[in-house]
Amino acid sequence: LMRRTRKQLGVLALRWRDAYAAEQAADADLIACIRGEKYWALLPFEVASTDGRRCTVPLVSRQQVADFGTTMANCLRASHLTSYDTACRAGRAFLVGLVDLKTGAPQSTAEFKLGPLREGARMTVELVQHTARKDSAPSPACVAAMRELLGHLQEDVVQRHLRLGVMARKQGVWGVSAAQRQTRLRALRGALGKADFEVIWKICEQSRAVNA
């Protein structure tokens, strides 16, 4: 850094700002989950059924659950809302909505729960209930989409997502600081470049070793 000119440092500062903003956006859901501001989604993305009729949408906030429950006139609304909100924030329940892929209209709702986190083992995901409007039986299209969704839940990218959410929740408030620290480190690596970052990181490690 001492070898850089003032103009180069200015460019570096702008690069750091942009890199940090991008990394913050990437970690926003994780930090919000740790703080209890939103639920950790069952899936890191929406999933469309292969027949093009349904799309599975993770429900990740109290308001989203309330809106979906009101539209479906089911048990997610009114007196059940608080209990579902508490369970989702604690990671005891995961909710998804199935919508019509063309119109976006809600068609059914499903509740899942996770098995325990075990080292080296895949996360087990259990379908607790799957209901349509007024808690009636879901349509064949929704049943088919749900069958596909259960297969997606075993994919590596989803399994990593589920494990990340469980581990982050276990870390609690400390996890927020750890996540934010990793965000800053990744942004710094992106702004400096790998080679310069590794040099600075090595100096920091040597300094910690001397002061230990």
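**Exercise 1. Find the volume and the lining of the second largest cavity.**

Let's start with size: the second largest cavity has a volume of about 40 Å³. A cavity is a set of points, on a 1 Å grid over the protein atoms alone, where a 1.4 Å probe fits but cannot get out, and lining residues have an atom within 4 Å of a point. The volume is the space filled by probe spheres set on the points, with grid points joined across faces, edges and corners.

Before going on, a word on the model. It is predicted, so local features need pLDDT of at least 70 and side-chain atom pairs count only at pLDDT 80 or more, while totals for chains, interfaces and linings use all residues. Residues are numbered from 1 along each chain as its sequence is written, and side-chain values use heavy atoms, leaving out hydrogens and water.

Next, the walls: V47, A48, S49, T56, A145, E148, L149 and H152 line the second largest cavity. Two or more of these residues come from each of β1 (47-48) and α4 (140-152). Helices (H or I, at least four residues) and strands (E, at least two) are DSSP runs, numbered from the N terminus. With four residues, α4 gives the most to this lining.

**Exercise 2. Describe the largest cavity.**

Step one: its volume is about 60 Å³. Step two: list the lining, which is C75, L76, Y84, L95, T109, A110, E111, Q129, T131 and D135. Step three: look for the main supplier, which is β4 with three residues.

**Exercise 3. Find the hubs of the largest nonpolar core.**

A nonpolar core is a set of buried Ala, Val, Leu, Ile, Met, Phe, Trp, Tyr and Cys residues joined through side-chain atoms within 4.5 Å. Buried means under 20% relative accessible area, exposed over 50%, and partly exposed in between (1.4 Å probe, protein chains only).

Among the 19 residues of the largest core, L42, F112 and L153 touch the most other members. Now check the elements: β3 (94-100), β4, α4 and α5 (156-192) each give two or more residues to this core. Here α4 gives the most, with four. There's also a second, separate core of 17 residues, including L76 and Y84.

**Exercise 4. Place K113 in the fold.**

First, spot K113 in strand β4. Its relative accessible area is 39%, so K113 counts as partly exposed. Then try V125: it's 12 residues away from K113 in sequence, yet 5.9 Å away in space, C-alpha to C-alpha. Finally, leaving aside residues up to four places away in sequence, K113 touches R92, T124, V125, E126 and V128 (contact means heavy atoms within 4.5 Å).

Conventions: 1 Å grid on protein atoms, 1.4 Å probe; cavity = no way out; pocket = protein on both sides within 12 Å on 5 of 7 lines; lining within 4 Å.
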